[in-house]
Amino acid sequence: MQWEACWLPQRDPPCTLSTPLQIAHWELNQEGIAFQLEARENWGDRYEIRQHEQGGYLIGGNTGLLYGAYRAMECKRLGLAYPQGEQTPDYTLRMLNHWDNVDGTIERGYAGQSLFFREGHFQYDAARLRAYARLLASVGINVICINNVNVTLAAQALLDERFLPELAAIAELFAPFGIRLLVAADFAMPLQYDLPTADPMDEQVAAWWRNRVELVYRYVPNLCGFLIKADSEGRPGPHTYGRNHAQGANLLAEALEPYGGILVWRCFVYNCRQDWRDILTDRPKAAYEHYAPLDGCFAHNVILQIKHGPFDFQVREPPSPLLLAMPRTRKALELQLTQEYTGQQIDLYAMQGMWHEIFEDVPGQSMDAVAAVANIGSDVNWTGHPFAQVNLFAYGCTAWNPTLSFETVTDRWLRLTYNLEEDAHAILRRMLLTSRAIYEGYTAPLGLCWMVNPGHHYGPNPMGYEYDRWGTYHRADRYAVGIDRTSKGTGFTDQYPTRLRERYNNRDSCPESLLLFFHRLPYGYVMKDGRTLVQRIDEDHRQAVQEVEAMRESLRELQGKLPTWVFDSAWDRMQCQVQNAKEWRDVICDFFHRLSGFPHENQL
Ligand code: GCW
């Protein structure tokens with residue numbers, strides 16, 4: 001068992017980029033095919049593969065040579081034709097955010113410890129980091145933030161002379177793979193350096209950041225920029241000083257500007273001290289309310305990073321209306337690969353299908369960039385659950401080309417990683433493609449969200465977030481469940497363009513999977529198939545458990561076909577998943593039985 005176990009062959013990369021790019025005519029002989037590399041000025045990440053007049057193939061590009069070389073290798077291994085014509089990524093910034101703490105833990109990490117830090121210091125295995133860089137570059141990822149957006153005091157040192165040489169070493173390590181670093185910074189960092197304030201409109205503060213950024217770029221000249229979580233879940237931010245987020249973001253953006261740096265500013269801002277009795281405040285409205293009025297006020301090198309849904313990576317959410325607003329502002333879509341609410345890399349959950357649904361309603365052009373919270377750690381197979389790798393692979397593919405189908409990408413990952421016989425391939429493929437619907441079937445019903453255990457967020461607890469301060473309520477009583485978020489209710493739907501507003505306002509056109517996100521409904525409400533709401537919740541949960549059990553039987557068939565350690569690891573997790581699904585079913589069904597009095601033969 002080795003930590004390389006992944007979709008890449010276990011050998012040196014076919015080519016890397018040196019900074020500055022110096023690989024103009026570099027022959028690479030890959031599995032018997034001679035590739036000639038040809039540098040093309042100003043091509044960015046674009047590449048082209050075509051047959052060479054003197055035999056063999058030619059890959060043309062600038063930084064794109066790297067992506068072309070990986071794609072050529074992949075095609076060769078899978079027996080696919082090389083892509084025709086110029087290949088251009090849809091997003092120039094394809095980012096991954098690590099939520100790694102300098103003590104070595106990972107916030108919401110389910111795959112071991114940090115690859116970068118231990119006990120307050122940089123500590124890493126350079127060979128493994130190089131393999132990681134290769135893994136990311138092979139699917140086109142080109143920016144990583146290595147530390148948690150919740151920046152502890154200890155992590156502030158990343159921007160300090162104590163740690164900058166080591167940050168520079170990491171940047172050097174990733175640079176040949178076309179990957180640049182972001183650093184998550186603390187908005188109030190000047191306070192640690194004896195400034196009386198971190199007010200973004202204070203000239204002393206602006207000067208402090210200018211000096212700090214100058215220092216940072218002296219050590220790490222190819223740094224991509226900073227990532228900031230401000231005024232969010234207890235983090236400091238411009239609101240502390242009565243300023244708005246454009247004032248806060250522009251302060252840092254101006255300091256980064258001379259070095260070509262960008263400022264990625266997260267929009268995960270809401271009142272996390274809400275009183276549950278307050279029915280006027282509706283958390284999904286918060287991000288739009290904070291940011292939409294500031295459209296056009298942000299500096300050109302600011303990118304607003306917006307979670308895909310208006311809540312927080314729940315199993316089923318509509319797209320965030322903020323993604324469709326602010327036409328004069330650069331925006332990045334934020335996804336979460338680490339399975340915080342989606343099974344914690346115990347339950348199987350392949351997520352590319354979810355991203356397609358987002359792109360259906362949010363055209364790719366409304367965003368400038370994409371970001372995803374990493375699902376990676378020090379575990380031998382990188383992602384804890386060996387099959388969770390598919391989400392990282394699919395993210396890279398999607399960031400390059402969001403139209404690639406879930407099926408195509410899943411096939412590619414499976415063939416590169418396990419190369420199973422047809423029957424076994426079909427079994428695992430089906431497990432992955434259906435995994436999301438099955439997980440959704442036994443967890444919070446019909447877009448209701450937040451029925452998880454507070455804190456760690458695994459397993460059912462329908463009242464766990466009901467009387468707290470996080471704005472996460474379903475308000476179930478003996479008559480009805482859900483919050484009316486339509487134009488007649490909290491008005492959340494008014495934040496959408498007409499087409500989506502009308503779709504969600506109307507119970508008949510609202511997708512059933514989101515019905516309880518947008519509507520408050522009585523238990524006897526009749527669903528499209530004629531069943532009542534509560535009957536549907538009950539039966540969906542029972543069916544989902546049967547599906548998990550069937551999935552376990554499918555997995556059993558793969559014994560002896562998958563590498564033993566892969567099978568054993570997946571099997572252990574599947575046993576836990578079956579238990580988890582049953583627990584969800586029993587708790588959710590019982591909860592709604594008790595409230596609604598719905599009689600059922602399976603009632604506990
Ligand atoms: O959902 C919450 C998570 C936090 C996370 C936060 C965020 C990094 O529970 O762990 O903090 O989202 O996205 O900032």
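This section describes the ligand site and the internal cavities of a predicted model.

The ligand is surrounded by 15 residues. Glu107, Lys229, Arg266, Asp312 and Glu340 are the closest. By class, this shell comprises eight charged, three polar and four nonpolar residues. Side chains of basic residues supply several polar contacts to ligand oxygen atoms. For arginine 266, an N or O atom of the side chain lies 2.6 Å from a ligand oxygen. For lysine 307, the distance from a polar side-chain atom to an oxygen atom of the ligand is 2.7 Å. The corresponding value for arginine 108 is 2.9 Å. Taken alone, the ligand exposes 340 Å², and the protein buries 97% of that area.

The structure also contains eight cavities of 30 Å³ or more. The largest cavity encloses about 120 Å³. Its lining comprises 14 residues, and those closest to the centre are Cys267, Phe268, Ala287, Pro310 and Phe311. Two elements, α7 (286-291) and β13 (302-307), each give two or more residues to this lining. Ten of the lining residues are nonpolar, two are polar and two are charged.

The second largest cavity holds about 110 Å³ of space. It is lined by 15 residues, with Gln314, Val315, Thr443, Ala444 and Cys449 closest to its centre. This lining divides into ten nonpolar, three polar and two charged residues. Domain 2 (93-416) and domain 3 (418-483 + 520-604) each contribute at least three residues to the lining of the second largest cavity.

Note on methods. Residues are numbered from 1 along each chain as its sequence is written. This is a predicted model: local features need pLDDT of at least 70, side-chain atom pairs count only at pLDDT 80 or more; totals for chains, interfaces and linings use all residues. Side-chain values use heavy atoms; hydrogens and water are left out. A residue is near a molecule or strand if one of its heavy atoms lies within 4 Å of it. A polar contact is a pair of N or O atoms within 3.5 Å; within protein, one must be able to donate a hydrogen and the other to accept it, and residues adjacent in sequence count only if both atoms are side-chain atoms. Accessible areas come from the Shrake-Rupley method with a 1.4 Å probe; for residues, only the protein chains shown count as cover. Ala, Val, Leu, Ile, Met, Phe, Trp, Tyr, Cys and Pro count as nonpolar, Asp, Glu, Lys and Arg as charged, and the others, Gly among them, as polar. On a 1 Å grid over the protein atoms alone, a cavity is a set of points where a 1.4 Å probe fits but cannot get out, and a pocket is an open set with protein on both sides within 12 Å along at least five of seven lines; lining residues have an atom within 4 Å of a point. Grid points are joined across faces, edges and corners, and a volume is the space filled by probe spheres set on the points. Helices (H or I, at least four residues) and strands (E, at least two) are DSSP runs, numbered from the N terminus. Domain bounds come from an automatic or database domain assignment.
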